[in-house]
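Open the viewer and show side chains as sticks. This short tour moves from one charged pair to the next.

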Amino acid sequence: MTISQPTASGPISSGGEAARGQRPGSPVKAPWAVLSDYRCFGCSPYNDQGLALQLRTHPEGLQARFDFGRAHESYPGIVHGGLIGVVCDEIMGNLIVLQTGLTAFTTVMKVRYVSPMFVGRTYDCIARMRPPREGQQAGTGLTHAASEILDLDGATMATATASYRLVSLDEARQRFTLADSDADRLRDALPGYRDGHGNDAQPHE
């Protein structure tokens with residue numbers, strides 16, 4: 001599925017895409033979900049203990065609507081701040097993978113907590129690509145993204161920015177265990193997959 005090209009700058013806005021009882025945008029399948037043994041805590045549909053975030057399109061990038069229960073508390077009734085960071089990282093990281101066809105490793109992430117988030121309430125996380133930081137040296141190989149969590153009235157609850165190092169699937173396989181057959185399935189699932197030399201990969205027969 002093609003993701004809308006995000007804008008390079010400007011505030012993120014929910015844009016009123018959907019009513020409270022509906023999920024905004026169109027569904028987007030995380031590329032790694034083609035592997036039935038994929039257990040990412042944030043976005044895998046196969047991890048019973050995970051968040052199972054459901055990715056959807058957004059005019060500025062990518063989004064997910066979600067809520068948390070009592071098992072996700074810090075103070076009574078308040079969502080644990082670490083999980084807020086997980087949500088932001090997942091949406092930003094998946095946006096980058098879908099945009100580039102490369103594996104994204106988080107190098108730095110900064111989260112700003114604007115207002116407490118409550119268990120049992122519904123929120124939207126929206127992510128977009130971000131231009132390089134001012135003054136950053138060229139050739140660092142880092143890609144940047146920003147995200148924002150909004151309540152259903154459009155109030156900002158948290159924001160995050162992060163930098164990611166992009167590597168080819170072949171290089172990424174040196175850092176985790178992945179069977180050859182699973183790697184082939186991922187190459188077919190990653191949009192615009194590029195090999196270790198930055199070239200478009202040929203379709204697998």
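The stops below follow salt bridges in this predicted model.

**Start with the total.** The count comes to 7 salt bridges. Side chains of opposite charge can pair when their charged atoms come close.

**Stop one: select Arg175 and Glu171.** These two form a salt bridge. Their closest N and O atoms are 3.7 Å apart. That passes, because the cut-off is within 4 Å. Now look at Glu171 alone. Glu171 is partly exposed, at 34% relative accessible area.

**Stop two: select Arg173 and Asp180.** Here is another salt bridge, with 2.7 Å between the closest N and O atoms. Is Asp180 buried or exposed? Asp180 is exposed, with a relative accessible area of 55%. Its partner Arg173 is partly exposed, at 24% relative accessibility.

**Stop three: select helix H3, residues 180-189.** Find Arg187 and Asp184 in this helix. They sit 3 residues apart, about one turn of the helix. Their side chains meet in a salt bridge, 2.9 Å from N to O. Turn on the surface and compare the two. Arg187 counts as buried, at 15% relative accessibility, because the limit for buried is under 20%. Asp184 is partly exposed, at 33%.

**Last stop: add Asp170 to the selection.** Which residues are joined into one network with Asp170? Asp184 and Arg187 are, through salt bridges that share partners. Keep Asp170, Asp184 and Arg187 on screen together to see that network.

Methods. Residues numbered from 1 in each chain as written. Predicted model: local features only at pLDDT ≥ 70, side-chain atom pairs only at ≥ 80, totals over all residues. Heavy atoms only, no water. Buried < 20%, exposed > 50% of the residue type's maximum accessible area, 1.4 Å probe, protein only. Helix = DSSP H or I, 4+ residues; strand = E, 2+ residues; numbered from the N terminus.
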